[in-house]
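With the model open in your viewer, follow this tour one selection at a time. Each stop names what to pick and then says what is there.

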Amino acid sequence: MNAGGQPANRTPLLAGNWKMHKTVAEARSFVARLLPQLPDRGAIEVGLCPPFLGLRAVAEAAAGSGVKLYAQNMHHAQEGAFTGEVSAPMLVEAGVDGVILGHSERRAYFGESDRELQLKVPAALQAGLMPILCVGETEEERDRGDTERRLRHQVQEDLHLVDSERLSEVVIAYEPVWAIGTGRVASTEQCDEAMSFIRALVGDRCKEQAELTRILYGGSVNAENAAELLALPDVDGALVGGASLDPYSFAAIAAAAVR
Ligand code: PEP
């Protein structure tokens, strides 16, 4: 155990979700400015999630740096008549290490369902990609006391087809929908409650795996508030949107994530 109470084998993870931002040229320039700012990456795992077209450029620009590469979505099938989609083997071929699944924007704007996620999460694992599964309640759900019900549904459904002994290979990002891109951050108490609830849900499947599972917080994390959130015992890192678009603020968050 370290000072924050985490077992040493839960390496903190910081992932920057660029969403639909940055051209290939901008992605290259970002990586060139980011790399000299990053803390010792033995202590923390740092990853970038560019749009599909930027994946190759980031892979090349970050080669040899230890910075990981994550996609923002994928289809569950290996190939097929799914116009506009990208499969796990295609991502692997492009040098991708992991994939965000179930981001609230994909759930809200593109109709991504828990049923689809139930297939996507094991498909990512099978291809050798680390899934970053996003879960979180809307403001209305929180207001009517349904936060735990929503989290239970998402965690149980989306992990249903993952073998119990592989659960800790899935990173779970707790992202309250009302905190994403709004500047409103979950309080440390809200965060603590949700994180330990999610860990307990994984623990219902396998206690050992739950202790090894990394759970991230996401929602308006920035260089100013990162240290307080990342110091919470059950918070194993962050999924960052807006503040990941600037290499200096992203590097400052990475420094705060080092334990
Ligand atoms: C996100 O998109 O996953 C996210 C957390 O965004 P932001 O940091 O901008 O709230």
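Begin with the lining of the second largest pocket, which by class has 7 nonpolar, 11 polar and 2 charged residues; keep in mind throughout that this is a predicted model. The lining consists of 20 residues, and if you colour Lys19, Gly181, Val240, Gly241 and Gly242 you will have marked those that lie nearest the centre of this pocket. Its volume comes to about 230 Å³.

Now display the ligand, which sits in this second largest pocket. Select the residues around the ligand, and you should have a shell of 14, with Lys19, Glu175, Gly181, Ser220 and Gly241 as the closest. Sorted by class, this shell holds 4 nonpolar, 8 polar and 2 charged residues.

Which atoms of Glu175, Gly241 and Gly242 should you pick out next, to follow the oxygen atoms of the ligand? For Glu175, choose the side chain, where an N or O atom is 2.7 Å from an oxygen atom of the ligand. For Gly241, turn to the backbone, since here a backbone N or O atom lies 2.8 Å from a ligand oxygen atom. At Gly242 the backbone is again the part to show, with a polar atom 2.8 Å from an oxygen atom of the ligand. If you then switch on a surface for the protein, consider how much of the ligand is covered: of the 290 Å² of accessible area that the ligand has on its own, the protein covers 96%.

Leave the ligand for the last stop, the largest pocket, which contains about 460 Å³ of space. Its lining is made up of 18 residues, and Lys19, Met20, Gln72, Arg106 and Phe110 are the ones closest to its centre. Lys19 is worth keeping highlighted from the earlier stop, as it is listed among the residues nearest the centre of the second largest pocket and also among those closest to the centre of the largest pocket.

Finally, select helix H4, residues 104-110, which supplies the largest share of the lining of the largest pocket, namely 4 residues. Colouring that whole lining by class gives 8 nonpolar, 6 polar and 4 charged residues.

Definitions and conventions:
Residues are numbered from 1 along each chain as its sequence is written. This is a predicted model: local features need pLDDT of at least 70, side-chain atom pairs count only at pLDDT 80 or more; totals for chains, interfaces and linings use all residues. Side-chain values use heavy atoms; hydrogens and water are left out. A residue is near a molecule or strand if one of its heavy atoms lies within 4 Å of it. A polar contact is a pair of N or O atoms within 3.5 Å; within protein, one must be able to donate a hydrogen and the other to accept it, and residues adjacent in sequence count only if both atoms are side-chain atoms. Accessible areas come from the Shrake-Rupley method with a 1.4 Å probe; for residues, only the protein chains shown count as cover. On a 1 Å grid over the protein atoms alone, a cavity is a set of points where a 1.4 Å probe fits but cannot get out, and a pocket is an open set with protein on both sides within 12 Å along at least five of seven lines; lining residues have an atom within 4 Å of a point. A molecule sits in a cavity or pocket if more than half of its atoms lie within 2 Å of its grid points. Ala, Val, Leu, Ile, Met, Phe, Trp, Tyr, Cys and Pro count as nonpolar, Asp, Glu, Lys and Arg as charged, and the others, Gly among them, as polar. Grid points are joined across faces, edges and corners, and a volume is the space filled by probe spheres set on the points. Helices (H or I, at least four residues) and strands (E, at least two) are DSSP runs, numbered from the N terminus.
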